[in-house]
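This briefing is a reading aid for a first look at a protein structure. Keep the sequence and the 3D view open, and find each element as it comes up.

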Amino acid sequence: MVQGYNVALKINDLTILGRTQDDLTIAANIKESQTKDDAGSKQYSVVGQEVSFKCSALIDVSGDTASAMDRDSLIALALEVGEDAEFDVTYEADDGDAYEGTGIITNYTESSNASDDATLSVDIKITGDFTKVNA
Amino acid sequence: MTDSLRAKLVYTCREICPMVLSEDETKVYPYAVYDITSTAQMDKDGVYAFFGETVIRVVSNVKSEADSTAAAIQSAVESAFRDGSSNFVPGDFSKDCQEGIWTIEMNYTLKQYADWSEPVEQTNTNTD
C-alpha cells in the first residue's frame, strides 16, 4: 500500500509547496473502425496516450522554496509561451517506478473564500512521451 | 507541530474570568465554560495546522457582568488569534436567560499554523 503523501509529482525536480493532491490520468488515443465484416460491432485500436495531471495545493507564501515550487513560480510558469512554457515532470510513488516527461501548464486556478485557506490547482499536460525512468 | 489551541485560549482569557470545562462549573459568577474539538489539517508534507471548533459560554447572574465579560473575551480571543501564526472565523453568537442566570454563547473556528507555548513571565531582578 502506498500512502498518498509518498506519491510526488515534481516540476523541474521541485514538488509544489503545500501540495495536497496529485491526480494522474492516462487516456488512450483510439482509432475507430468498422467494416461490413464487423457485423455492427466497432473495432478500436490504441494509437497513443494522452497523459495529464491535476495538482492541488494550499497557497503558502512563506514556505521553503528551495525544495518546493511556490505559487509565484507556478504563475510565472503558467504565463510563459513557447518552449519557455515547457518543463521537466517526474512522477514518483514510494518504491514504485518513476516516470518522466515534458509538461506544460494548461490551466491554473486559485480559490480563496472568506473563511478557508486559499488553494491553487494546476492542470498539466504531458507533451510527447511519458516514459519510465531507468533505475 | 503540537495542538496548543486549548492552552492558548485559556492563557488568553486567564485574567478576564475563570475558564472551566463543563464538569467544573460552579455557582461563583462570572465564569466561562469552554470546549474545543480540534482536528489536524494535513498536506502531503505533514500536519500544517490545527483547526478547532470552539464554544465559549459566559455565565453570570448579572446581565451587565455577562455582557462585559463576553465582550472582553471576544476582544481578547480575536486579538490573540489574529497574529500571523493563528487565525479565527467567528460563528454563531447567542444570549439567553434562565431563572436569572445569563448565558452568552460564542462560537469560533480557531486556527493554529505554528507551534505556540505559554510566554515565560519575566521577573524583575532590578534591585535599584
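The points below go through chain A and then chain B.

The model is predicted. In chain A, the main subject here is an open sheet of six strands. In chain B, there are two helices and five strands, and the helices α1(B) and α2(B) pack at an angle of about 130°.

**The sheet of chain A**

- The six strands of the open sheet in chain A follow the order β1-β6-β7-β8-β4-β3, and their pairing is antiparallel.
- Strands of a sheet pair through backbone hydrogen bonds, and the pairing can be parallel or antiparallel.
- Which strands of chain A stand at the edges of this sheet? They are β1 (7-11) and β3 (19-33), and each has a single partner strand, so one side of each has no neighbour in the sheet.
- From one strand to the next, the sheet twists by 35° on average.

**Strand pairs around β8 of chain A**

- Strand β7 of chain A covers residues 99-111, and strand β8 of chain A covers residues 119-132.
- These two strands run antiparallel and are joined by 12 bridges.
- Two residue pairs help to locate this pairing in the 3D view: Tyr99(A) has Lys132(A) in β8(A) as its bridge partner, and Gly103(A) stands opposite Ile126(A) in β8(A).
- Strand β4 of chain A, residues 43-58, is also joined to β8(A), here by seven bridges, and this pair runs antiparallel.
- Cys55(A) stands opposite Val122(A) in β8(A).
- In a regular strand, side chains alternate between the two faces of the sheet.

**The helix across the sheet of chain A**

- Helix α1 of chain A, residues 71-78, lies across three strands of that chain: β6 (87-93), β7 and β8.
- The helix runs at about 105° to β7(A).

**Positive phi values in chain A**

- Asp13(A) is a residue other than glycine with a positive phi, near 70°.
- Asp13(A) is found in the loop between β1 and β2 (15-16) of chain A.
- Is Asp13(A) buried or exposed? Asp13(A) has 10 other C-beta atoms within 10 Å, so it is exposed; the cut-off for exposed is 12 or fewer.
- Asp94(A) is not a glycine either, and its phi is positive at about 50°.
- The place of Asp94(A) is the loop between β6 and β7 of chain A.
- Asp94(A) counts as exposed because it has 11 C-beta neighbours inside 10 Å.

**Overall layout of chain B**

- Starting at the N terminus, the elements of chain B come in the order α-β-β-β-α-β-β.
- The C-alpha trace of chain B spans about 50 × 50 × 25 Å along its principal axes.
- Chain B has 128 residues, of which 24% are buried.
- Of the contacts in chain B between residues at least 6 apart in sequence, 60% join residues at least 24 apart.

**Strands of chain B**

- Strand β1 of chain B (residues 19-20) pairs with strand β2 of chain B (residues 31-43) in the parallel sense, over two bridges.
- In this pairing, Met19(B) stands opposite Ala32(B) in β2(B).
- β2(B) also pairs with strand β3 of chain B (residues 46-60), this time in the antiparallel sense and over 13 bridges.
- Here Ile36(B) stands opposite Thr54(B) in β3(B).
- How many residues lie between β2(B) and β3(B) in the hairpin they form? There are two residues between them.
- Pro30(B) lies in the loop between β1 and β2 of chain B.
- The peptide bond from Tyr29(B) to Pro30(B) is cis, and its omega is near -10°.

**The helix pair of chain B**

- Two packed helices are described by the angle and the distance between their axes.
- Helix α1 of chain B (residues 5-12) packs with helix α2 of chain B (residues 63-80) at about 130°, and their axes are 9 Å apart.
- That angle makes α1(B) oblique to α2(B), and the crossing of these helices is right-handed.
- At the contact, Lys8(B), Leu9(B) and Thr12(B) of α1(B) meet Ala76(B), Val77(B) and Ala80(B) of α2(B).
- The residues of this contact are four nonpolar, one polar and one charged.

Notes:
Residues are numbered from 1 along each chain as its sequence is written. Chains are lettered from A and ligands numbered from 1 in the order in which they are written. This is a predicted model: local features need pLDDT of at least 70, side-chain atom pairs count only at pLDDT 80 or more; totals for chains, interfaces and linings use all residues. Two strands pair if DSSP finds at least two bridges between them. Helices (H or I, at least four residues) and strands (E, at least two) are DSSP runs, numbered from the N terminus. Axes are lines fitted to C-alpha atoms, for helices over the stretch in contact, and angles run from 0 to 180 degrees between N-to-C directions. Two residues are in contact if their C-beta atoms, placed from the backbone, lie within 7 Å. A residue is buried if 20 or more other C-beta atoms lie within 10 Å of its own, exposed if 12 or fewer, and partly exposed in between; C-beta atoms are placed from the backbone. Angles under 35 degrees count as roughly parallel, over 145 as roughly antiparallel, 65 to 115 as roughly perpendicular and the rest as oblique. A crossing is left-handed if the near helix is turned anticlockwise from the far one by less than a right angle, and right-handed if clockwise. Ala, Val, Leu, Ile, Met, Phe, Trp, Tyr, Cys and Pro count as nonpolar, Asp, Glu, Lys and Arg as charged, and the others, Gly among them, as polar.
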